[in-house]
Amino acid sequence: MVEWSIGRAAAGLGLSLAIAWAGYRLKALSHSGAVGAILIGTLIMGIGGWLWGWLLVAFFVSSSVLSRYRSADKAAVQVEFAKGGRRDGGQVLANGGLGAILALCSAVIGAWWAFPAYLGAMAAVNADTWATELGVLSRRAPRLITTGRPVPPGTSGGVTALGLVAALAGGLFIGLAAWVGQWIASFVGVSWPPGITWWPLWAAAGGVAGALFDSLLGATVQGVYYCERCRKETERSFHHCGTRTRRLRGWAWLNNDWVNFLSSLAGGLIAMELAIWFR
Ligand SMILES: [Zn+2]
């Protein structure tokens with residue numbers, strides 16, 4: 001059972017304010033994104049505890065660094081994505097909403113599986129970000145995950161070998177970050193929790209599962225649009241050229257934020273399932 005206190009909530013709020021402020025200043029978060037980060041961060045850190053918050057920081061720092069990496073080379077492709085490098089409120093909720101729900105499960109009903117699920121969910125979110133940021137740099141054309149047909153870079157549901165390796169690395173990174181956090185905490189007397197040996201494995205599996213599910217949804221049911229003027233596929237219902245686009249396939253409500261939320265759910269379920277097996 002995770003104990004809850006006013007002190008922990010205050011620490012969570014303080015750290016969230018610091019991250020939101022830094023993210024806003026670094027242009028990694030929009031105005032609504034900063035507000036969302038304060039809300040989600042306070043819930044996850046204030047209720048879940050320090051290790052939960054540590055993973056949030058690991059995700060935020062690594063994805064912000066990667067989005068800056070070779071940003072000029074990526075700009076041409078990323079303009080077709082639903083949203084730019086600056087996360088807005090919807091994206092923050094899509095990335096961290098499940099984490100906040102799991103933190104509540106852990107605190108309110110004392111669910112032991114909530115942490116492995118959170119590890120998998122954050123791994124999926126991180127894997128997807130790494131795959132997106134690094135996959136677009138692939139020199140080989142992406143292939144649609146469903147048919148294997150080569151598609152232009154930036155197409156929803158397109159995967160590259162580089163992107164899949166990046167997804168694996170992104171998931172593993174979260175698992176290793178959890179290890180490092182726990183190792184540092186052991187110096188101040190925090191005991192090692194059971195199952196910790198497997199954390200990187202659960203996170204890697206959750207990360208890859210989340211990224212594959214993300215691509216599968218992108219290739220099948222995600223809303224994909226077409227700009228008649230630029231003759232281009234896009235995730236935007238309004239193209240950046242100012243033209244209202246036409247829906248080509250998929251469900252209109254299933255936008256990028258929902259796809260990200262559902263991928264984090266897939267990653268969380270896989271990691272939780274593994275945790276139950278290995279128990
Ligand atoms: Zn256009």
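## Exercises: helix packing and a small sheet

H5 passes H9 in a right-handed crossing. The model behind these exercises is predicted.

**Exercise 1.** Work out how helix H5 and helix H9 run relative to each other: roughly parallel or roughly antiparallel?

*Solution.*
- Locate the helices. H5 covers residues 89–108 and H9 covers residues 256–278.
- Take the axes. They come within 8 Å and cross at roughly 15°.
- Apply the cut-off. Angles under 35 degrees count as roughly parallel, so H5 is roughly parallel to H9.
- Find the contacts. H5 brings Gly90, Gln91, Ala94, Asn95, Gly97 and Leu98. These meet Asp257, Asn260, Phe261, Ser264, Leu265 and Gly268 of H9.

**Exercise 2.** Do the same for helix H7 and helix H8, and state the hand of the crossing.

*Solution.*
- Locate the helices. H7 is residues 161–186, and H8 is residues 199–220.
- Take the axes. They cross at roughly 150° and come within 7 Å.
- Apply the cut-off. Angles over 145 count as roughly antiparallel, so H7 is roughly antiparallel to H8.
- Give the hand. H7 and H8 cross in a right-handed sense.
- Sample the contacts. The H7 side includes Gly170, Gly171, Ile174, Gly175 and Trp179. Among the H8 residues they meet as a group are Trp199, Trp202, Gly206, Gly207 and Val208.

**Exercise 3.** Classify Ala161: buried or exposed?

*Solution.*
- Place the residue. Ala161 lies in H7.
- Count its surroundings. Ala161 has 12 C-beta neighbours inside 10 Å.
- Apply the cut-off. A residue with 12 or fewer counts as exposed, so Ala161 is exposed.
- Check a partner distant in sequence. Pro142 is 19 residues away from Ala161 in sequence. Their C-alpha atoms are 8.3 Å apart.

**Exercise 4.** Test the length of helix H3 against the expected span.

*Solution.*
- Count residues. H3 runs over residues 50–68, which is 19 residues.
- Get the expected span. At 1.5 Å a residue, H3 should span 27 Å.
- Compare. The end C-alpha atoms of H3 are 27 Å apart, so the two values agree.
- Look at burial. The buried residues of H3 include Trp52, Leu55, Leu56, Phe59, Phe60, Ser63 and Ser67.
- Recall the helix repeat. An α-helix has 3.6 residues a turn, so residues three or four places apart point the same way.
- Look past the end. Just after H3, Arg70 has a positive phi of about 50°.

**Exercise 5.** Derive the layout of the sheet that holds S3, S4 and S5.

*Solution.*
- Pair S3 with S5. S3 (residues 224–227) is joined to S5 by 3 bridges, and the two run antiparallel. Within this pairing, Val224 has Arg249 as its bridge partner.
- Pair S3 with S4. Here too 3 bridges join antiparallel strands. Tyr226 is bridged to Glu233 of S4.
- Write the order. The open sheet reads S4-S3-S5, with antiparallel pairing.
- Name the edges. S4 (232–234) and S5 (246–249) each pair on one side only.
- Add the twist. Neighbouring strands of this sheet are turned by 40° against each other on average, direction ignored.
- Inspect the turn. S3 and S4 form a hairpin with 4 residues between them. Arg231 in that turn has a positive phi of about 55°.

How values were computed. Residues numbered from 1 in each chain as written. Predicted model: local features only at pLDDT ≥ 70, side-chain atom pairs only at ≥ 80, totals over all residues. Pairing = 2+ DSSP bridges. Axes fitted to C-alpha atoms, helices over the stretch in contact; angles between N-to-C directions. Expected span 1.5 Å × (residues − 1). Buried ≥ 20, exposed ≤ 12 C-beta atoms within 10 Å, placed from the backbone. Parallel < 35°, antiparallel > 145°, perpendicular 65-115°, else oblique. Left-handed = near helix turned anticlockwise from the far one by under 90°. Contact = placed C-beta atoms within 7 Å.
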